[in-house]
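Hello,

Here is the structure I promised to pass on to you. Have a look at it first, and then read on for what turned up in it.

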Amino acid sequence: MSEGQAGHAVVAEASWGRDDYKCGHTGPVQYAHEIFGVTYRLQEGIIRSREECAQCRLDKAVDGITQCACCNTAIFKGQECMNYGYGLCCMSRGCGVGPIGAQVGIWNGSGFVDGILAGTVTVVKVPAGGFS
Ligand SMILES: [Zn+2]
Ligand SMILES: [Zn+2]
Ligand SMILES: [Zn+2]
């Protein structure tokens, strides 16, 4: 079982049953991924398609991954997050409300992209006198 991201991501709960995948590897037919201590399970249908083996899917998932500055869970490439200045927040419920002025945007695998530039945040013009 090989490891990614400094040993923080592994193929966990793998079954003994194995099959050939279209990526060219043989891998378990039942598995979960464990990334920064959190277990991620794929939908049955995705595994059954035999497109990519457990290890290839894990390698792809951890490519460009980063960690939430408050709860330490994974922030994946392309995931919406919040920039706290000292780090990024995954915006999960457990993380609570961030500091005032924190920007919402996207982690692009190597840096934070402001949500307005990324097109994920819409700027609403407030009419003079405010909303009625
Ligand atoms: Zn593979
Ligand atoms: Zn978090
Ligand atoms: Zn957080």
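A good place to start is the hairpin: in this predicted model, β4 and β5 form one with two residues between them. In its turn, F36 has a positive phi of about 50°. The two strands run antiparallel and are joined by four bridges. If you would like a landmark there, find E34, which stands opposite T39 in β5.

Now turn to the other partner of β4. Strand β4, residues 32–35, also pairs with β1 in the antiparallel sense, again over four bridges. Two of the matches are easy to pick out: I35 in β4 is the bridge partner of A9, and H33 is that of V11.

Put together, this gives an open sheet of three strands in the order β1-β4-β5, with antiparallel pairing. β1 and β5 (38–41) stand at the edges with a single partner strand each, so one side of each has no neighbour in the sheet. From one strand to the next, the twist averages 25°.

Which residues of β4 are buried, and which are not? The side chains alternate along the strand: H33 and I35 point to one face and are buried, whereas A32 and E34 point to the other and are not. So that you can place the helix as well: α2 lies across β1 and β4, and runs at about 150° to β1.

That brings me to the largest nonpolar core, which has 19 residues. Those touching the most other members are I75, C81, L88 and C89. At least two residues of the core come from each of β1 (9–12), α2 (54–62), β7 (74–75), β8 (80–83), β9 (88–89) and β10 (103–107). The biggest contribution is from α2, which gives three residues. Domain 1 (1–63) and domain 2 (64–132) each provide at least three residues of this core.

If you want one residue to click on in the core, try I75. What is I75 in contact with, once its neighbours within four places in sequence are left aside? The list is I65, T66, Q67, C68, C81, L88, C90 and W107. Of these contacts, C81 and L88 may look familiar, as both are among the residues that touch the most other core members.

Happy exploring, and do write back with any questions.

Best wishes

How values were computed. Residues are numbered from 1 along each chain as its sequence is written. Chains are lettered from A and ligands numbered from 1 in the order in which they are written. This is a predicted model: local features need pLDDT of at least 70, side-chain atom pairs count only at pLDDT 80 or more; totals for chains, interfaces and linings use all residues. A nonpolar core is a set of buried Ala, Val, Leu, Ile, Met, Phe, Trp, Tyr and Cys residues joined through C-beta atoms within 7 Å. A residue is buried if 20 or more other C-beta atoms lie within 10 Å of its own, exposed if 12 or fewer, and partly exposed in between; C-beta atoms are placed from the backbone. Domain bounds come from an automatic or database domain assignment. Two residues are in contact if their C-beta atoms, placed from the backbone, lie within 7 Å. Two strands pair if DSSP finds at least two bridges between them. Axes are lines fitted to C-alpha atoms, for helices over the stretch in contact, and angles run from 0 to 180 degrees between N-to-C directions.
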